[in-house]
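Here are my notes for you, written as numbered points so that you can follow along with the structure open. Please read them at your own pace.

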Amino acid sequence: MTGQTASSILVDAEPSSVMEVIADFHSYPRWARGVRSATVLSTHEDGRVNEVEFVLDAAPIKDEYTLTYTWDDDVQVTWSLVRSTMVTAMDGAYVLRPRQGSTEVIYRLKVDLAVPMIGMLKRKAERVIIDTALKGLKQRVESVR
């Protein structure tokens with residue numbers, strides 16, 4: 001993903017536990033700030049989620065969008081935009097790296113909006129999204145262990 005923003009966090013859990021929380025889309029409204037609902041629309045043949053429809057209300061942004069997911073065991077999950085009202089492109093990934101009893105979670109994101117935005121402001125918005133998501137993920141994983 002060129003032109004992406006990335007950040008990472010260390011989570012006190014094994015990669016499988018982290019991936020379990022990432023894959024539990026029904027729980028996102030409980031820990032992912034701004035996500036009002038996450039509805040699984042389809043799954044892959046192996047039972048992993050394929051498409052999810054999200055309703056986001058993170059003032060001042062309100063949107064409904066659908067993402068498609070590709071899974072690589074407990075190592076990585078990537079997603080891309082299927083449809084949205086405000087976003088024209090969204091590519092992201094969680095990459096998990098084991099670290100002596102914990103997991104480094106790397107979040108990569110690239111978003112393009114329907115409204116023009118200066119690159120610097122767009123990257124800052126991506127950074128806020130990533131940092132908020134990583135903190136929420138860490139808190140959720142470590143609280144359900």
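**Notes on the fold and its side-chain contacts**

1. Let me begin with the rings. One aromatic cluster is made up of F25, Y28, W31, F54, Y65, Y69, W71, W79, Y94 and Y107. Please keep in mind as you look that this is a predicted model. Across the whole structure, a search turns up 12 aromatic pairs.

2. Take Y69 and W71, which form a stacked pair: the ring centres are 6.0 Å apart and the planes differ by 25°. Are these two residues buried or exposed? Y69 has a relative accessible area of 5%, so it is buried. W71 is buried as well, with a relative accessible area of 14%.

3. Y94 and Y107 give a tilted pair, because their planes stand at 55°, with the ring centres 4.7 Å apart. This pair links distant parts of the chain, since Y94 belongs to strand β6 and Y107 to strand β7, 13 residues apart. Y94 is buried at 6% relative accessibility, and Y107 is buried at 7%.

4. Now for the sheet. In what order do the seven strands lie? The sheet is open and reads β1-β7-β6-β5-β4-β3-β2, with antiparallel pairing. The edges are taken by β1 (5-11) and β2 (35-43); each has a single partner strand, so one side of each has no neighbour in the sheet. On average, neighbouring strands of this sheet are turned by 20° against each other, direction ignored. As a reminder, strands of a sheet pair through backbone hydrogen bonds, either parallel or antiparallel.

5. Two of the strand pairings are worth tracing by eye. β2 and β3 run antiparallel and are joined by seven bridges, with T43 opposite V49 in β3. These two strands make a hairpin with five residues between them, and G47 in the turn has a positive phi of about 95°. On to the next pairing: strand β3 (residues 49-58) and strand β4 (residues 61-72) are antiparallel and share eight bridges. Here E51 has T68 in β4 as its bridge partner.

6. Helix α1 (residues 15-23) deserves a look from the side. Its buried residues are P15, V18, M19, V21 and I22. Why do they end up on the same side of α1? They cover an arc of only 160° around the axis, and that puts them on one side of the helix. The general background is that an α-helix has 3.6 residues a turn, so residues three or four places apart point the same way.

7. How does α1 sit against the sheet, and which strands does it lie across? The helix lies across β1, β3, β4, β5 (76-84), β6 (87-99) and β7 (102-113). Relative to β6, α1 runs at about 155°.

8. Turning to charged side chains, the count comes to four salt bridges. One of them is between D74 and R48, at 3.7 Å from N to O. This contact links distant parts of the chain: D74 is in the loop between β4 and β5, while R48 is in the loop between β2 and β3, 26 residues apart. D74 is partly exposed, with a relative accessible area of 29%, and R48 is also partly exposed, at 23% relative accessibility.

9. Another salt bridge joins D112 to K110, whose closest N and O atoms are 3.7 Å apart. D112 counts as partly exposed at 22% relative accessibility. K110 is partly exposed too, with a relative accessible area of 23%.

10. My last point concerns helix α3 (residues 119-144). Which residue forms a salt bridge with K138? The partner is E142, and the closest N and O atoms are 2.8 Å apart. K138 and E142 are four residues apart in α3, so about one helical turn separates them. Both ends of this contact are partly exposed: the relative accessible area is 25% for K138 and 30% for E142.

Conventions: Residues are numbered from 1 along each chain as its sequence is written. This is a predicted model: local features need pLDDT of at least 70, side-chain atom pairs count only at pLDDT 80 or more; totals for chains, interfaces and linings use all residues. Side-chain values use heavy atoms; hydrogens and water are left out. Buried means under 20% relative accessible area, exposed over 50%, partly exposed in between (1.4 Å probe, protein chains only). The arc is that of the directions from the helix axis to the C-beta atoms. Two strands pair if DSSP finds at least two bridges between them. Axes are lines fitted to C-alpha atoms, for helices over the stretch in contact, and angles run from 0 to 180 degrees between N-to-C directions. Contact means heavy atoms within 4.5 Å. Rings of Phe, Tyr and Trp (its six-membered ring) pair if their centres lie within 6.5 Å; planes under 30 degrees apart count as stacked, over 60 as edge-to-face and the rest as tilted.
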